[in-house]
Amino acid sequence: MTCPMTVDLGVYALGAADASERVLIESHLATCPECRAELALLEPLPGLLARVPVSLLAGDPPPRARPGPNPRGRARRRLAVLGAAAAAVAAGGFWLAQPTPSPPAAIILSAANPATRVRVTMTLTGTSWGTSIRLIARGLPLNEPCRLIVRSRTGGTEVTGAWDAWRAGPVSIPASAAWRPADIASLQVATPSRSLVTVMAGRPAPRPT
Amino acid sequence: MLIASALNSLSAGHRRVIVELYYYRRTVAEVAALLAIPEGTVRSRCFYALRALRRVLEEQGITGT
């Protein structure tokens, strides 16, 4: 590991990076194959963590209930180490999902909700542990916490991926689910109060333009 | 549950950062304040915790790309 930014990928992979940090990291990923490779190894983990109830974990202090979705505060932090990348972001750089080296039969799904004007394209790639998901969303409401909710054909639900968009334009979110692509029934992008768009699997859409 | 046992095999410090950031969805700043460590330490600890977790899961044959 030689890139100094690689250590920031852990927070990013867990969905714990704030909006500005995420943009900086995504801008960096566009130019750093080392970090892209590292991220590809970390991306499965949130989907696996989602299967573990926190009550099963060896505790330190007793967990305190988290008081609802996190308000705006987290969006305003600085990240000194990534500051140098800000210029690239200001120039409009945006990292779209790079195709994996040899994508094993990726499923690409698209949907749009005229009511919310949210459009999404999701790329589902089967792996040995489940499904790697790349979500590209447009038209998200700004500064509202969003979640990706995956539902299986057997009735299971996983919340995977959490972010809040802070600027217009496409947002690229890595996520994962523990089911195989064929076992996924739907994927929904929602805020705590409303659904933004739902993609039903099984009806593959044309490739995005 | 293999994933839970993998998590429990991590050091307490590594596990704690994952629990706070992922399960309780705290921010890096909140975790830093909670644990009285610098934010940079939260970031690096999170990264190395995930690496350690991945290694344990790989040994169990759970993950892999």
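The following exercises, each with a worked solution, concern a predicted model with chains A and B.

**Exercise 1. The elements of chain B**

Determine how many helices and strands chain B has, and in what order its elements run.

*Solution.*
Step 1. Counting the elements of chain B gives four helices and zero strands.
Step 2. Read from the N terminus on, these elements follow the order α-α-α-α.
Step 3. Chain B has 65 residues, and 43% of them count as buried.
Step 4. Consider next the contacts in chain B between residues at least 6 apart in sequence: 56% of these join residues at least 24 apart.

**Exercise 2. The length of helix H2(B)**

Work out what span is expected for helix H2 (residues 12–23) of chain B, and compare it with the distance between the end C-alpha atoms.

*Solution.*
Step 1. Helix H2(B) has twelve residues, and the rise is 1.5 Å a residue.
Step 2. The expected span is 1.5 Å times one less than the number of residues, which for H2(B) comes to 16 Å.
Step 3. In the model the end C-alpha atoms of H2(B) are 15 Å apart, which agrees with the expected span.

**Exercise 3. The surroundings of helix H2(B)**

Establish how many residues of H2(B) are buried, and which helices these residues pack against.

*Solution.*
Step 1. A residue is buried if 20 or more other C-beta atoms lie within 10 Å of its own.
Step 2. Nine of the twelve residues of H2(B) are buried, and the helix is thus mostly covered.
Step 3. The buried residues include B:Arg15, B:Val17, B:Ile18, B:Leu21 and B:Tyr22.
Step 4. On the side of chain A, the packing partners are helix H1 (9–13) and helix H4 (44–49). Within chain B, they are helix H1 (2–8), helix H3 (28–35) and helix H4 (39–59).

**Exercise 4. Two helix crossings in chain B**

Classify the crossing of H2(B) with H4(B), and then that of H3(B) with H4(B).

*Solution.*
Step 1. H2(B) and H4(B) pack at an angle of about 105°, and their axes are 8 Å apart.
Step 2. Angles of 65 to 115 degrees count as roughly perpendicular; H2(B) and H4(B) are therefore roughly perpendicular to each other.
Step 3. Residues of H2(B) that take part include B:Gly13, B:His14 and B:Leu21, and those of H4(B) include B:Cys46, B:Tyr48 and B:Ala52.
Step 4. The axes of H3(B) and H4(B) cross at roughly 105° and come within 8 Å. H3(B) is therefore roughly perpendicular to H4(B).
Step 5. This contact is made by B:Val28, B:Ala29, B:Val31 and B:Ala32 of H3(B) with B:Glu39, B:Val42 and B:Arg43 of H4(B).

**Exercise 5. The largest nonpolar core**

Identify the residues with the most contacts inside the largest nonpolar core, and explain where this core lies with respect to the domains of chain A.

*Solution.*
Step 1. In soluble globular proteins, nonpolar side chains tend to be buried together.
Step 2. The largest nonpolar core here has 65 residues, and B:Leu21 and B:Cys46 have the most contacts inside it.
Step 3. The element that gives the most to this core is H4(B), with seven residues.
Step 4. Domain 1 (6–90) and domain 2 (107–200) of chain A both give residues to the core, so the core lies between them.
Step 5. Leaving out residues up to four places away in sequence, B:Leu21 touches A:Val11, A:Leu14 and A:Ala16 in chain A, and B:Arg26, B:Val31 and B:Cys46 in chain B.

**Exercise 6. The contact between the chains**

State how many residues each chain brings to the contact, and which helix of chain A supplies the largest share of its side.

*Solution.*
Step 1. Chain A brings 33 residues and chain B brings 30 residues.
Step 2. In chain A, H1, helix H3 (33–42) and H4 each supply at least two residues of the side that touches chain B.
Step 3. The largest share of that side, five residues, comes from H4(A).

**Exercise 7. Positive phi outside glycine**

Locate B:Arg25 and A:Asn143, and decide whether each is buried, partly exposed or exposed.

*Solution.*
Step 1. B:Arg25 is in the loop between H2 and H3 of chain B, and its phi is positive, near 50°.
Step 2. With 18 other C-beta atoms within 10 Å, B:Arg25 is partly exposed.
Step 3. A:Asn143 is in the loop between strand S3 (131–138) and strand S4 (145–152) of chain A. Although A:Asn143 is not a glycine, its phi is positive, about 60°.
Step 4. A:Asn143 has 13 other C-beta atoms within 10 Å and is partly exposed.

Technical notes
Residues are numbered from 1 along each chain as its sequence is written. Chains are lettered from A and ligands numbered from 1 in the order in which they are written. This is a predicted model: local features need pLDDT of at least 70, side-chain atom pairs count only at pLDDT 80 or more; totals for chains, interfaces and linings use all residues. Two residues are in contact if their C-beta atoms, placed from the backbone, lie within 7 Å. A nonpolar core is a set of buried Ala, Val, Leu, Ile, Met, Phe, Trp, Tyr and Cys residues joined through C-beta atoms within 7 Å. Domain bounds come from an automatic or database domain assignment. Axes are lines fitted to C-alpha atoms, for helices over the stretch in contact, and angles run from 0 to 180 degrees between N-to-C directions. Angles under 35 degrees count as roughly parallel, over 145 as roughly antiparallel, 65 to 115 as roughly perpendicular and the rest as oblique.
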